[in-house]
Every structure is written in C-alpha cells, then in structure tokens.
Amino acid sequence: MKKVMTRDGSETFVNDELGQSYHSFTGAVEEALKKYSEPLDVAGLAKKQDTIKILDVAYGMGYNSAMAIAIALEANPSVSVEIVGLENDPAILDQIGTLNPAIVGYDKFHKMDSKNLEFSYVSLGGGKISVKVLLGDAHDTIKELESSFFDLCFFDMFSPSVVPESWSVGLFESVFKVLKKGGKMSTYSCARLARDNMKKAGFLYDDGPKVGRRGPGTVAWKE
Ligand SMILES: C[S@@+](CC[C@H](N)C(=O)[O-])C[C@H]1O[C@@H](n2cnc3c(N)ncnc32)[C@H](O)[C@@H]1O
C-alpha cells in the first residue's frame with residue numbers, strides 16, 4: 001500500500017492490489033466528518049445519550065471512529081463513546097502510528113496496532129472512551145457481537161464495483177441485527193447493489209450527503 005496526501009491535507013493509502021484508495025482524494029478527514037459523523041448526527045446523539053455505541057465496519061486507520069469521538073466530546077464533554085471496529089488487514093493497523101490527521105484526539109489512536117487491538121481512556125469531561133478492533137473478515141467477526149447493541153454503524157468497505165462480496169445481504173443482515181431499533185448506518189456509496197442488499201436485509205434508506213465523489217452517499221436505518 002502507498003501513502004498519499006488528499007486535498008484537505010490529510011493522508012490516506014492506496015491499496016495497489018485493488019487499485020482502491022482508503023478515502024476520497026478530495027479529503028480523508030472531510031469524508032470522515034461529512035459522510036459519517038454529520039449524517040448520523042453524532043453531535044445530536046451525544047447531547048441526548050450518556051453513552052454512544054458505534055460499529056465501524058472497515059475500520060482501516062480509524063479516521064471515522066476518531067472523528068466521531070471528537071465530535072461527540074465537542075457536543076458533550078462528559079459523554080461516553082464505545083466503538084467496535086471490524087478490520088481484516090493487520091498491515092493497515094500498523095500504519096496508524098505514522099498518521100497525524102487533523103482530528104482532535106487522534107494521537108490516542110497511536111496506541112493501536114495489529115498487536116494492540118484496544119485502548120480506552122477517560123476524557124477530560126469524565127466520559128469513558130473505548131475502542132476495540134476485531135481482526136478478521138467482518139462477515140465472521142460481526143457474529144461475535146450482541147444483538148440490538150449499537151446506535152450507529154459506519155460502513156466503509158472498498159467499492160462495491162470492485163469488491164461486491166463486501167456489500168452482501170448477509171453482512172447487512174448482521175449489521176441490522178446488531179443495531180438497536182432506530183439505529184442508523186451511513187456509507188459513502190449509492191451503488192444499486194449496496195442499496196438493494198440493504199433493503200433485502202430490512203433497512204430503509206435515503207440519499208446521504210454528496211461530498212467529494214460524484215454521487216450521494218446512503219443513510220439507512222432500522223425502523
Ligand atoms: C475504504 S477502507 C476504510 C477506511 C477507514 N474507514 C478509515 O477511516 O480509515 C476499507 C477497509 O476495509 C478493510 N476490509 C476489506 N475487506 C474487509 C473484510 N472482509 N472484513 C473486514 N475489513 C475489510 C480494508 O482492509 C480497509 O482497511
């Protein structure tokens with residue numbers, strides 16, 4: 001994998017084997033904010049709940065999780081945030097310590113690599129922040145998780161046109177199962193396959209924001 005700079009000054013990687021980048025070239029940090037934390041209203045949830053539980057499917061370098069923690073703590077300094085990430089490539093976790101995106105608190109993520117899959121700390125406002133990655137194929141590791149547990153899911157697999165199997169009905173069914181009633185999922189893709197499979201799994205969906213890429217993203221929810 002090759003490290004590249006995106007247009008908002010944050011770094012990402014390109015996976016040479018798939019010809020896929022980990023983020024949009026228009027801005028990796030921008031994408032974490034505008035395609036995940038903002039459409040799922042992490043700030044609003046942090047004001048309403050004592051604890052927010054987030055499933056980060058395709059954790060990568062953890063930008064989406066780090067942004068969610070920063071946004072939640074900005075909205076409510078005493079909120080607790082519990083994150084479970086699913087990632088199958090130890091090599092990307094070993095790159096986290098080399099990255100310094102402009103996300104408040106990302107330095108805490110430097111504690112993580114392929115041998116240190118979890119960390120936690122108490123924020124300045126007294127909230128408990130915990131991040132844990134399950135290493136392996138998300139189709140399998142998601143089965144270890146409790147049903148109706150998560151408020152939100154970030155779904156950030158490589159493109160459905162290149163890796164359709166990562167957008168399977170089975171994986172969306174598992175996400176549906178571990179989300180609470182009213183739970184929401186966001187993804188950057190609006191591909192037909194992705195949306196059809198979300199629908200088959202029980203989700204309702206609508207367009208997400210249009211940022212950086214040609215089409216809108218998708219926000220889906222469990223009624
Ligand atoms: C587009 S990148 C995600 C970037 C990440 N969300 C971030 O903010 O840094 C896709 C990630 O999914 C991982 N991945 C691909 N297939 C997977 C699978 N079947 N199970 C778990 N992770 C997978 C890749 O290794 C890669 O890190």
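The shell of residues around the ligand is a mix: nine are nonpolar, six polar and four charged. Keep in mind that this is a predicted model. Below is a quick tour of the ligand's surroundings, followed by a look at a small piece of sheet made of three strands.

**Around the ligand**

- In total, 19 residues surround the ligand. The closest ones are Ala58, Met61, Glu87, Ala138 and Asp156.
- As for where the ligand sits, it's in the largest pocket.

**Polar atoms close to the ligand**

- Asn64 takes part through its side chain, where an N or O atom is 3.3 Å from a nitrogen atom of the ligand.
- With Asn88 it's the backbone instead: a polar atom there is 3.2 Å from a nitrogen atom of the ligand.
- Tyr63 also uses its backbone, with an N or O atom that lies 3.4 Å from an oxygen atom of the ligand.
- How much of the ligand does the protein bury? On its own the ligand would expose 610 Å², and the protein buries 95% of that.

**The sheet**

- The three strands line up in the order β1-β2-β3, forming an open sheet with antiparallel pairing.
- At the edges you'll find β1 (2-5) and β3 (20-21). Each has a single partner strand, so one side of each has no neighbour in the sheet.
- Strand β2 covers residues 11-15 and runs antiparallel to β3, with two bridges joining the pair.
- If you'd like a spot to look for in the structure, try Val14: its bridge partner in β3 is Ser21.

Key. Residues are numbered from 1 along each chain as its sequence is written. This is a predicted model: local features need pLDDT of at least 70, side-chain atom pairs count only at pLDDT 80 or more; totals for chains, interfaces and linings use all residues. Side-chain values use heavy atoms; hydrogens and water are left out. A residue is near a molecule or strand if one of its heavy atoms lies within 4 Å of it. A polar contact is a pair of N or O atoms within 3.5 Å; within protein, one must be able to donate a hydrogen and the other to accept it, and residues adjacent in sequence count only if both atoms are side-chain atoms. Accessible areas come from the Shrake-Rupley method with a 1.4 Å probe; for residues, only the protein chains shown count as cover. On a 1 Å grid over the protein atoms alone, a cavity is a set of points where a 1.4 Å probe fits but cannot get out, and a pocket is an open set with protein on both sides within 12 Å along at least five of seven lines; lining residues have an atom within 4 Å of a point. A molecule sits in a cavity or pocket if more than half of its atoms lie within 2 Å of its grid points. Ala, Val, Leu, Ile, Met, Phe, Trp, Tyr, Cys and Pro count as nonpolar, Asp, Glu, Lys and Arg as charged, and the others, Gly among them, as polar. Two strands pair if DSSP finds at least two bridges between them. Helices (H or I, at least four residues) and strands (E, at least two) are DSSP runs, numbered from the N terminus.
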